[in-house]
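User: Got a minute to go through this model with me? I'd like to hop between a few spots.
Analyst: Sure, go ahead and show me.

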Amino acid sequence: MPDAPILPRTTSGRLPACQSCIPRRRRCAVTVLAALALGSSLILPRAGRADPPVTVLNSWFRYIIPQVPAGGYMTLKNTSSQPMVLTGASSAACGMLTLHRTETSGGVDRMVPVAAVTVPAHGTFRFVEGGYHMMCMNPVMHIGQTVTVTLTFADGSRVPAPFVVYGVSGPSGSAPNGAATGTKMKMPM
Ligand SMILES: [Cu+2]
(Lines give C-alpha, C1' and ligand atoms only; values in the text may rest on other atoms or scores of the structure.)
Protein backbone atom coordinates (compact mmCIF):
# COMPACT_ATOMS: atom_id res chain seq x y z
CA MET A 1 0.00 0.00 0.00
CA PRO A 2 1.47 3.39 -0.90
CA ASP A 3 2.21 5.76 1.93
CA ALA A 4 -0.24 8.64 2.31
CA PRO A 5 1.40 11.99 1.60
CA ILE A 6 2.37 13.92 4.68
CA LEU A 7 0.63 17.27 4.56
CA PRO A 8 1.25 20.28 6.75
CA ARG A 9 -1.52 21.07 9.18
CA THR A 10 -2.77 24.37 10.50
CA THR A 11 -2.64 25.16 14.18
CA SER A 12 -6.27 24.06 14.46
CA GLY A 13 -5.23 20.63 13.20
CA ARG A 14 -7.14 21.02 9.97
CA LEU A 15 -5.50 20.62 6.63
CA PRO A 16 -4.81 23.87 4.79
CA ALA A 17 -7.54 24.83 2.36
CA CYS A 18 -5.44 24.40 -0.75
CA GLN A 19 -5.08 20.70 -1.40
CA SER A 20 -6.11 19.89 -4.91
CA CYS A 21 -8.76 20.88 -7.40
CA ILE A 22 -11.01 17.90 -6.80
CA PRO A 23 -11.87 18.43 -3.12
CA ARG A 24 -12.19 22.16 -3.80
CA ARG A 25 -14.76 21.60 -6.56
CA ARG A 26 -16.68 19.21 -4.36
CA ARG A 27 -16.74 21.74 -1.56
CA CYS A 28 -18.00 24.36 -4.02
CA ALA A 29 -20.78 22.10 -5.22
CA VAL A 30 -21.87 21.42 -1.66
CA THR A 31 -21.91 25.15 -0.92
CA VAL A 32 -24.09 25.85 -3.95
CA LEU A 33 -26.56 23.12 -3.04
CA ALA A 34 -26.74 24.26 0.57
CA ALA A 35 -27.34 27.85 -0.49
CA LEU A 36 -30.05 26.82 -2.94
CA ALA A 37 -31.73 24.66 -0.32
CA LEU A 38 -31.77 27.56 2.11
CA GLY A 39 -33.13 29.90 -0.54
CA SER A 40 -30.97 32.51 1.10
CA SER A 41 -29.77 35.80 -0.28
CA LEU A 42 -26.18 34.59 -0.15
CA ILE A 43 -24.03 35.44 -3.11
CA LEU A 44 -23.81 32.09 -4.83
CA PRO A 45 -20.50 30.82 -6.08
CA ARG A 46 -20.61 31.21 -9.82
CA ALA A 47 -18.97 29.33 -12.62
CA GLY A 48 -16.55 32.24 -12.89
CA ARG A 49 -16.42 35.26 -15.07
CA ALA A 50 -15.25 35.01 -18.63
CA ASP A 51 -13.12 38.07 -18.05
CA PRO A 52 -12.20 38.32 -14.35
CA PRO A 53 -11.34 41.87 -13.26
CA VAL A 54 -8.01 40.89 -11.69
CA THR A 55 -4.60 41.59 -13.18
CA VAL A 56 -1.49 39.81 -11.94
CA LEU A 57 1.67 41.93 -11.94
CA ASN A 58 5.33 41.35 -11.05
CA SER A 59 4.77 37.64 -10.49
CA TRP A 60 7.79 35.47 -9.78
CA PHE A 61 9.10 32.45 -7.88
CA ARG A 62 12.26 32.17 -5.85
CA TYR A 63 13.57 28.72 -6.72
CA ILE A 64 16.49 27.15 -4.91
CA ILE A 65 16.46 23.36 -5.21
CA PRO A 66 13.61 20.85 -5.69
CA GLN A 67 13.77 19.87 -2.01
CA VAL A 68 13.15 23.44 -0.79
CA PRO A 69 9.73 25.05 -1.31
CA ALA A 70 9.76 27.90 -3.83
CA GLY A 71 8.23 31.19 -2.68
CA GLY A 72 5.77 32.88 -5.04
CA TYR A 73 5.25 36.64 -5.08
CA MET A 74 2.94 38.92 -7.05
CA THR A 75 0.76 41.99 -7.02
CA LEU A 76 -2.95 41.52 -7.61
CA LYS A 77 -4.88 44.45 -9.04
CA ASN A 78 -8.66 44.54 -8.91
CA THR A 79 -10.23 46.83 -11.50
CA SER A 80 -13.83 46.21 -10.42
CA SER A 81 -16.05 47.85 -7.84
CA GLN A 82 -16.41 44.57 -5.92
CA PRO A 83 -13.77 42.97 -3.70
CA MET A 84 -12.19 39.87 -5.22
CA VAL A 85 -11.33 37.07 -2.82
CA LEU A 86 -8.43 34.82 -3.74
CA THR A 87 -9.01 31.36 -2.31
CA GLY A 88 -6.33 29.23 -3.92
CA ALA A 89 -3.75 28.61 -6.57
CA SER A 90 -2.44 25.69 -8.55
CA SER A 91 0.40 25.04 -10.95
CA ALA A 92 1.78 22.08 -12.84
CA ALA A 93 5.17 23.34 -11.62
CA CYS A 94 4.28 22.67 -7.96
CA GLY A 95 3.39 19.49 -6.13
CA MET A 96 1.17 21.63 -3.92
CA LEU A 97 0.67 25.38 -3.96
CA THR A 98 -0.75 27.14 -0.90
CA LEU A 99 -1.28 30.68 0.32
CA HIS A 100 0.95 31.57 3.26
CA ARG A 101 1.82 34.46 5.48
CA THR A 102 5.07 34.98 7.36
CA GLU A 103 4.61 36.19 10.92
CA THR A 104 7.41 37.50 13.08
CA SER A 105 7.13 37.36 16.83
CA GLY A 106 9.97 37.54 19.30
CA GLY A 107 12.40 37.73 16.41
CA VAL A 108 11.29 34.34 15.11
CA ASP A 109 9.68 33.95 11.70
CA ARG A 110 7.01 31.37 11.19
CA MET A 111 4.69 30.71 8.30
CA VAL A 112 0.97 30.20 8.62
CA PRO A 113 -1.38 28.96 5.90
CA VAL A 114 -4.12 31.42 4.95
CA ALA A 115 -7.48 30.37 3.53
CA ALA A 116 -8.14 33.51 1.50
CA VAL A 117 -7.00 37.05 0.80
CA THR A 118 -9.23 39.91 -0.31
CA VAL A 119 -8.19 42.26 -3.07
CA PRO A 120 -10.19 45.43 -2.35
CA ALA A 121 -12.39 47.06 -4.98
CA HIS A 122 -10.24 49.25 -7.24
CA GLY A 123 -7.29 48.23 -5.09
CA THR A 124 -4.23 46.04 -4.96
CA PHE A 125 -2.91 43.26 -2.76
CA ARG A 126 0.78 42.44 -2.63
CA PHE A 127 2.48 39.14 -1.96
CA VAL A 128 5.93 40.18 -0.81
CA GLU A 129 8.95 38.65 0.87
CA GLY A 130 8.40 38.54 4.63
CA GLY A 131 4.63 38.85 4.20
CA TYR A 132 2.02 37.01 2.19
CA HIS A 133 3.48 34.56 -0.27
CA MET A 134 2.61 31.42 -2.13
CA MET A 135 4.36 28.26 -1.06
CA CYS A 136 5.23 25.89 -3.90
CA MET A 137 6.04 22.45 -2.49
CA ASN A 138 8.17 20.10 -4.60
CA PRO A 139 8.87 22.70 -7.28
CA VAL A 140 9.53 21.44 -10.80
CA MET A 141 11.04 24.46 -12.54
CA HIS A 142 14.34 26.00 -13.50
CA ILE A 143 15.79 29.47 -13.28
CA GLY A 144 14.90 31.61 -16.29
CA GLN A 145 11.76 29.64 -17.06
CA THR A 146 8.26 31.09 -16.98
CA VAL A 147 5.65 28.84 -15.38
CA THR A 148 1.89 29.25 -15.23
CA VAL A 149 -0.02 29.60 -11.97
CA THR A 150 -3.81 29.53 -12.01
CA LEU A 151 -5.40 31.65 -9.30
CA THR A 152 -8.87 30.71 -8.07
CA PHE A 153 -11.29 33.29 -6.67
CA ALA A 154 -14.34 32.88 -4.46
CA ASP A 155 -16.70 33.80 -7.31
CA GLY A 156 -15.37 30.85 -9.32
CA SER A 157 -13.14 32.96 -11.54
CA ARG A 158 -9.85 31.41 -12.56
CA VAL A 159 -6.97 33.63 -13.60
CA PRO A 160 -3.88 32.07 -15.21
CA ALA A 161 -0.70 34.09 -14.73
CA PRO A 162 2.92 33.75 -15.89
CA PHE A 163 5.50 33.53 -13.08
CA VAL A 164 9.15 34.13 -13.89
CA VAL A 165 11.53 31.78 -12.06
CA TYR A 166 14.46 33.48 -10.31
CA GLY A 167 17.18 32.02 -8.15
CA VAL A 168 17.89 32.86 -4.53
CA SER A 169 18.73 36.48 -5.37
CA GLY A 170 15.31 37.14 -6.84
CA PRO A 171 14.57 39.87 -9.39
CA SER A 172 16.42 42.50 -7.36
CA GLY A 173 19.64 40.54 -7.64
CA SER A 174 20.30 40.53 -3.90
CA ALA A 175 19.68 37.61 -1.59
CA PRO A 176 17.33 38.25 1.34
CA ASN A 177 18.75 38.29 4.87
CA GLY A 178 20.06 34.93 5.92
CA ALA A 179 19.28 33.25 2.63
CA ALA A 180 21.95 30.88 1.43
CA THR A 181 24.62 32.81 3.26
CA GLY A 182 26.92 31.49 5.95
CA THR A 183 26.62 27.92 7.08
CA LYS A 184 22.88 27.83 7.69
CA MET A 185 20.44 28.08 4.85
CA LYS A 186 17.27 29.83 5.87
CA MET A 187 14.20 29.33 3.76
CA PRO A 188 13.67 32.82 2.38
CA MET A 189 9.93 33.41 2.29
CU1 LIG B 1 5.39 29.64 3.28
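User: Let's start inside. Which residues does Met134 touch, not counting residues up to four places away in sequence?
Analyst: Gly72, Ala89, Leu97, Leu99, His100 and Phe127 are the ones Met134 touches, leaving out residues up to four places away in sequence. Bear in mind that this is a predicted model.

User: And the largest nonpolar core, how many residues does it have?
Analyst: That core has 26 residues. Met134 and Cys136 have the most contacts inside it.

User: Which elements give two or more residues to this core?
Analyst: E1, E2, E3, E4 (96-105), E8, E9 and E10 (158-166) each give two or more. As background, nonpolar side chains tend to be buried together in soluble globular proteins.

User: Zooming out, what does the secondary structure of the chain come to?
Analyst: One helix and ten strands. Along the sequence the pattern reads α-β-β-β-β-β-β-β-β-β-β.

User: What share of the chain is buried?
Analyst: Buried residues are 24% of the 189 in the chain. On contacts, take those between residues at least 6 apart in sequence: 67% of them join residues at least 24 apart.

User: Now E2. Why is it largely enclosed by the rest of the structure?
Analyst: Because seven of its nine residues are buried. For a residue to count as buried, 20 or more other C-beta atoms have to lie within 10 Å of its own.

User: Which strands does E2 run antiparallel to, and over how many bridges?
Analyst: E2 runs antiparallel to E1 with seven bridges, to E8 with three bridges, and to E7 (residues 124-127) with four bridges.

User: Can you give me a residue pair for each?
Analyst: For E1 and E2, Val54 has Asn78 as its bridge partner. Towards E8, Gly71 stands opposite Met135. Towards E7, Thr75 stands opposite Arg126.

User: Thr75 again, then. How far apart in space are Val128 and Thr75?
Analyst: They are 8.3 Å apart, C-alpha to C-alpha, with their positions 53 residues apart in sequence. Val128 lies in the loop between E7 and E8.

User: Is Val128 buried or exposed?
Analyst: Exposed, with 12 other C-beta atoms within 10 Å. The cut-off for exposed is 12 or fewer, so Val128 meets it.

User: Different spot: how many residues of E5 are buried?
Analyst: Zero out of six, so E5 (residues 108-113) is hardly covered.

User: What does E5 pair with?
Analyst: E5 pairs with E4 in the antiparallel sense, over six bridges. One of the pairs there is His100 with its bridge partner Pro113 in E5.

User: And how many residues sit between E4 and E5 in the hairpin?
Analyst: Two residues. Gly106 is in that turn and has a positive phi of about 60°.

User: What about positive phi at residues that aren't glycine?
Analyst: Asn58 has one, at about 45°, and Asn138 has one at about 50°. For context, most residues other than glycine have a negative phi.

User: Where are those two asparagines?
Analyst: Asn58 is in strand E1 (residues 54-62). Asn138 is in the loop between E8 (132-137) and E9 (146-153).

User: Why do they count as partly exposed?
Analyst: Asn58 has 13 other C-beta atoms within 10 Å, so it is partly exposed. Asn138 counts as partly exposed because it has 15 such neighbours.

User: One more loop. Where does Gln82 sit?
Analyst: Gln82 is in the loop between E2 (70-78) and E3 (84-90). With 13 C-beta neighbours inside 10 Å, Gln82 counts as partly exposed. Gln82 and His122 are 40 residues apart in sequence and 7.9 Å apart in space, C-alpha to C-alpha.

User: Last thing, confidence. What's the average pLDDT?
Analyst: The chain averages 80, and 69% of the residues score at least 70.

User: Where does pLDDT stay under 50?
Analyst: Over residues 7-43, where the model has 25 contacts beyond four places in sequence. It also stays under 50 over residues 180-185, where there are four such contacts.

Note on methods: Residues are numbered from 1 along each chain as its sequence is written. Two strands pair if DSSP finds at least two bridges between them. A nonpolar core is a set of buried Ala, Val, Leu, Ile, Met, Phe, Trp, Tyr and Cys residues joined through C-beta atoms within 7 Å. Two residues are in contact if their C-beta atoms, placed from the backbone, lie within 7 Å. pLDDT is the predictor's confidence in each residue, from 0 to 100.
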